[in-house]
Amino acid sequence: MKKKIIFSPGSRYHLNQYLDVLNLEKLEYEIFSSSPKKNFKNHSNYVKFAPLFNSIVNYIFKSNFHFLSEKQAFIYTKYIDLFHKIDCDFFHAWAFYGFELFEKIKNNTNLILERSCPHIITQETILKDESNFYINKYKKKSDWWIDRSLKEYSICNKIVVPSEHVKKSFLENNVDSGKIKIIPLLPNFDPNLFPSEKIKENNEIVFGAIMNNCIRKGLFHLIKCYQKINFKNKKLILRISKSELSNYKHLNNIIIHDQSIVIKERYEKIESFYKSIDIFMMPSIDDGYGMAALECLPFVKGAIISNRIGAYDTLKSENIDNLFFINPYDHVDFINKTDMAISNISNNILLNADMGFIYNKIKTNMSDNLQSLYL
């Protein structure tokens, strides 16, 4: 008899990956999601609509009603309870979207919670401390949010995380090691993609960083170190929202008055960003996985990557030329390794990752761990 899994809410990006590597001959599954069915490719027939209330309201009114965001999960789970039958062997919920349903079905269902970020207490501590660099008072998650998260951790049978980095945060908060299951994520690129031709042009070095969450991505450390890089013809492209950047007045002021820093809010395809830069910089202070650290590799000549991201687990043993790891708080080391990356480019020592090997290694790891979780 086939085992049945319900995924809720279906995060279409890596849920598609999960379903592509699972042995579906032995499984039945349903997906509860607010995303259009077409986003689930070969699995669209298994999608049932479950609205994310806040997202719908924001879309209709073209605004962000932050006060609704915390209640969205509660409304979502209540909607499923009212309009969908929960009858399965495994209920796999993304963090914060499971509690009420977990409570209802806990006696006869294996409860799987997926959390991409560190344990909520660890993450709150990291972000509160980090916000001091930004001269901003950190707006902590509400007690309701934190309490709900802790209850989910307690009631579920397994917690799926993407990396050792995230697992460590749970162990530090006294969650039993046997409860944690690491399932890495696949980068969103063609596994047959080989490194682009990387020709050094002129004498300009273009740095690039993706800052979709300034505090977590280490914007303070990036700007402080970029200012001290001793290279005359340098440029920094920041893929960042101007509205988010405006929240950090001191850094915003530095950036807008530095003519070598360019802000780009959007790219049609993220590959266009990677192709426009020489050295990718990712000084994150908290990143459960950090997919960009993998996705940049086929396109850039060098990369400076934080050792505080989940993808560090995958990359640290690969021995890739012109890929350097840093502790983002050690600015001296950050600058020294950036100088080394620039020097390597001058000597035509360029980043040379074997993308097919890395992709297949992660895929095998993902497949093995998913099979052991469900089968």
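**Sheet, helices and cores of a predicted model**

Reader: In which sense do strand β8 (residues 205-210) and strand β11 (residues 279-282) pair?
Author: Strand β8 (residues 205-210) and strand β11 (residues 279-282) are joined over two bridges in this model, which is a predicted one. At the level of residues, Gly 208 has Phe 280 of β11 as its bridge partner. The sense in which β8 and β11 pair is parallel.

Reader: Which are the edge strands of the open sheet of six strands?
Author: The open sheet has six strands with parallel pairing, and their order is β10-β9-β8-β11-β12-β13. From one strand to the next, the twist averages 20°. An edge strand pairs on one side only, and the strands that do so are β10 (261-264) and β13 (323-326).

Reader: At about what angle does helix α9 run to β9?
Author: Helix α9 (residues 219-228) lies across four strands, namely β8, β9 (234-239), β10 and β11. With the directions of both elements taken from N to C, the angle of α9 to β9 is about 170°.

Reader: How many charged residues are there in the contact of α9 with α11?
Author: The axes of α9 and helix α11 (residues 249-256) come within 11 Å and cross at roughly 35°, and the crossing is left-handed. On the α9 side the contact is formed by Leu 219, Phe 220, Ile 223, Lys 224 and Gln 227, which meet His 250, Leu 251, Ile 254 and Ile 255 in α11. Sorted by class, this contact has six nonpolar residues and two polar ones, while the number of charged residues is one.

Reader: Which helix gives the largest share of the largest nonpolar core?
Author: The largest nonpolar core has 56 residues, and those with the most contacts inside it include Phe 7, Phe 280 and Leu 294. Leu 294, leaving aside its neighbours within four places in sequence, is in contact with nine residues' worth of surroundings that include Met 355, Ile 358 and Ile 362. The largest share of the core amounts to eight residues and comes from helix α16 (residues 355-374).Reader: Is Phe 7 buried or exposed?
Author: Phe 7 has its place in strand β1 (residues 3-8), and its C-alpha atom is separated by 8.5 Å from that of Phe 90, although the two are 83 residues apart along the chain. Beyond its neighbours within four places in sequence, Phe 7 is in contact with residues including Leu 15, Phe 32, Trp 94 and Tyr 374. Because its relative accessibility is 0%, Phe 7 counts as buried.

Key:
Residues are numbered from 1 along each chain as its sequence is written. This is a predicted model: local features need pLDDT of at least 70, side-chain atom pairs count only at pLDDT 80 or more; totals for chains, interfaces and linings use all residues. Side-chain values use heavy atoms; hydrogens and water are left out. A nonpolar core is a set of buried Ala, Val, Leu, Ile, Met, Phe, Trp, Tyr and Cys residues joined through side-chain atoms within 4.5 Å. Buried means under 20% relative accessible area, exposed over 50%, partly exposed in between (1.4 Å probe, protein chains only). Contact means heavy atoms within 4.5 Å. Two strands pair if DSSP finds at least two bridges between them. Axes are lines fitted to C-alpha atoms, for helices over the stretch in contact, and angles run from 0 to 180 degrees between N-to-C directions. A crossing is left-handed if the near helix is turned anticlockwise from the far one by less than a right angle, and right-handed if clockwise. Ala, Val, Leu, Ile, Met, Phe, Trp, Tyr, Cys and Pro count as nonpolar, Asp, Glu, Lys and Arg as charged, and the others, Gly among them, as polar.
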